[in-house]
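Subject: Structure handover

Dear colleague,

Here is the structure I promised to pass on to you, and below it you will find my notes on what turned up in it. Please keep the structure open while you read, so that you can follow each part by eye.

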Amino acid sequence: MRKFIAAIDQGTTSTRCILFDQEGRIEAVDQKEHEQIYPQPGWVEHNPLEIWTRTQEVIQGALQKAKVEAQQIAAVGVTNQRETTILWNPKTGEPYANAIVWQDTRTKPICDQLAQEGGQDRFREKVGLPLATYFSGPKIKWLFDHIPSLRAEAEKGNVLFGNIDTWIIWQLSGGANGGVHITDVTNASRTMLMNLKTLDWDAEILETMDIPRQILPRIVPSSPLEPYAYTLPNGPFGGSIPICGDVGDQQAALIGQTCYEVGEAKNTYGTGCFMLMNTGSQIVHSKKGLLTTLAYQIGNSQATYALEGSVAITGALVQWLRDNLGIISSSQEVEALARTVEDNGGIYFVPAFSGLFAPYWRSDARGVIVGLTRYVNRGHLARAALEATAFQTKEILEAMRQDSGVELRSLKVDGGMVRNELLMQFQADILNVPVIRPVITETTALGAAFAAGLCVQYWSSVDDLRKHWQVDKVWQPTMSEEERQRQYRFWLKAVERSFDWA
């Protein structure tokens, strides 16, 4: 009987279930979008119950497409949009509010207040993160500050916190009827509440943010020695399947891209852009605005760390051209439109719609298009939008080089935008290193599958995983050094124009 690993990939805009075979190939995939809720400027929410409904639907959809029975699923792994924060009642399964999404900026006053003592890097030595609206801790504090009687409920044991991984695993393993309340080290490292050295919740930070410890999940390895729990026979899988992989989406892509050696890096091009570099067992504290984060932990082995640079808006900028400006009717059209012109026409587009992430961490920045003349048309706008993704990636790569002292020799890429050949060539040109796309570009889901499969010996070791990674295409840089420097200089000038708006 053929067996598969099921990966649930719960992303910012949609949820997918992908079934992988022993070669790391996709057997079936099902995907459903969920609503993006914008109650006011800077606020972004999701409905946790809708996400759970979509998760059940895509599991059933993938099984049906592959004509696979529950007993053919060897294990299930979960990967997720990180930092998105839910508080719910464990007895009823009802959320106390919509999930506050990672892009949401409502916690800026809380971050500013916390920064009054010790500055933006007040907790960085312990957690590897600056004080920023991005992370879960301030979101939890905001919910406690704004929902009456929530503290009283927490004292009664009626409140659980989780990022999306915790919510999905709790639901899959029984929900209000005994669901397990866990999170892995990668997701915990994005809360601003976990100590990087101890891999446990930090009592001092919890006290400072006034967050009750009893609401927090137990922290576990990304790929455990034993399953965390089992799915319910009456659940969406229709059988009892070991749940044994839990990894935040960007770290999952690092695993899926088989970046297991120090200095290996990957960049994921999705709603935002996320570059991670493996730093091994060493905690590298960034002096250039990058995040120090957990890469993964397999079984009882030592944790592996990473440097991460995050860009808030990349693929979302193409969606903005489609939904807000209407200059394309589908995201796929952006490449053809950008190819109608030779270059960007002298314009630079800084998409700081909700501030700038690494290496600036400027929540006061807002989007700008600079260099506009009568000559500029829709094609130039499309091209500048794509180039913005590549320029922001270059800034992060420069910061990583300076922090780690490691010269990147190539960049492995994945995510929805890597099918855009124009973008990939420009990325190679502006970085001056080869850009490598693997055969399986769904590396986030693949990483979750790898994590789950290692637990149940579906794959024997990380060396076994490396055999299933194959190159699809390589883009070599062709731009002159003079042109590269000229364009980058203009980009940095444009970024400065985005500061001090909000």
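Strands β1 and β5 run parallel and are joined by seven bridges, and one pair to look for is A7, whose bridge partner in β5 is G77. Please bear in mind throughout that this is a predicted model. Strand β5 also runs parallel to β14, to which five bridges join it, and here the bridge partner of N80 is G248 in β14. With these neighbours in mind, you may like to check that β5 is mostly covered, since eight of its eight residues are buried.

These strands belong to an open sheet of six strands with mixed pairing, in the order β3-β2-β1-β5-β14-β13. The edge strands, which each pair on one side only, are β3 (residues 26-33) and β13 (residues 229-230). Strand β2, residues 14-20, runs antiparallel to β3 and is joined to it by seven bridges, and within this part of the sheet T15 stands opposite K32 of β3. Helix α1, residues 48-66, packs on the sheet and touches β1, β2, β3 and β5, and its direction makes about 150° with that of β3. Helix α6, residues 164-172, packs on the sheet as well, touching β1, β5, β13 and β14, and its direction makes about 150° with that of β5.

Another pair of strands is found further along the chain. Strand β17 (residues 291-296) pairs with β18 (residues 304-311) in the antiparallel sense over five bridges, and Y296 has T304 of β18 as its bridge partner. Because six of the six residues of β17 are buried, this strand is largely enclosed by the rest of the structure.

A single residue in a short strand, V220, is also worth a look. V220 lies in strand β12, which covers residues 218-220, and it counts as buried because its relative accessibility is 5%, where buried means under 20%. Leaving aside residues up to four places away in sequence, V220 touches I182, T183, D184, V185 and Y228. If you compare V220 with D21, you will find the two 199 residues apart in sequence and 26 Å apart in space, from C-alpha to C-alpha.

Turning to the helices, α10 spans residues 315-325, and its buried residues are G315, A316, L317, V318 and L321. The cover over these buried residues includes α11 (residues 333-338), β19 (residues 348-350) and α12. After α10 comes G326, which has a positive phi, near 70°.

How many disulfides does the count come to? The count comes to zero, and two cysteines show how that can be checked. The sulfur of C244 has its closest cysteine sulfur in C455, 3.8 Å away, and because a disulfide needs the two sulfur atoms within 2.5 Å, this is too far for a bond. C244 is buried, with a relative accessible area of 0%. C273 is in no disulfide either, and the nearest cysteine sulfur to it, that of C259, is 14 Å away. C273 likewise counts as buried, at 1% relative accessibility.

Lastly, there are the empty spaces. The second largest pocket holds about 380 Å³ of space. Its lining is made up of 24 residues, and those that lie nearest the centre of this pocket are D343, N344, Y348, E387 and Q487. Helices α12 (378-404), α13 (421-431) and α16 (481-497) each supply at least two residues of this lining, and α16 gives the most, with seven residues.

The structure also holds two cavities of 30 Å³ or more, and the largest cavity has a volume of about 90 Å³. This largest cavity is lined by 15 residues, of which V311, L356, F357, A358 and Q392 are the closest to its centre. The elements that give two or more residues to the lining of the largest cavity are α12 and α16, and α12 and α16 also supply residues to the lining of the second largest pocket.

With best wishes

Note on methods. Residues numbered from 1 in each chain as written. Predicted model: local features only at pLDDT ≥ 70, side-chain atom pairs only at ≥ 80, totals over all residues. Heavy atoms only, no water. Pairing = 2+ DSSP bridges. Helix = DSSP H or I, 4+ residues; strand = E, 2+ residues; numbered from the N terminus. Contact = heavy atoms within 4.5 Å. Axes fitted to C-alpha atoms, helices over the stretch in contact; angles between N-to-C directions. Buried < 20%, exposed > 50% of the residue type's maximum accessible area, 1.4 Å probe, protein only. 1 Å grid on protein atoms, 1.4 Å probe; cavity = no way out; pocket = protein on both sides within 12 Å on 5 of 7 lines; lining within 4 Å. Points joined across faces, edges and corners; volume = space filled by probe spheres on them.
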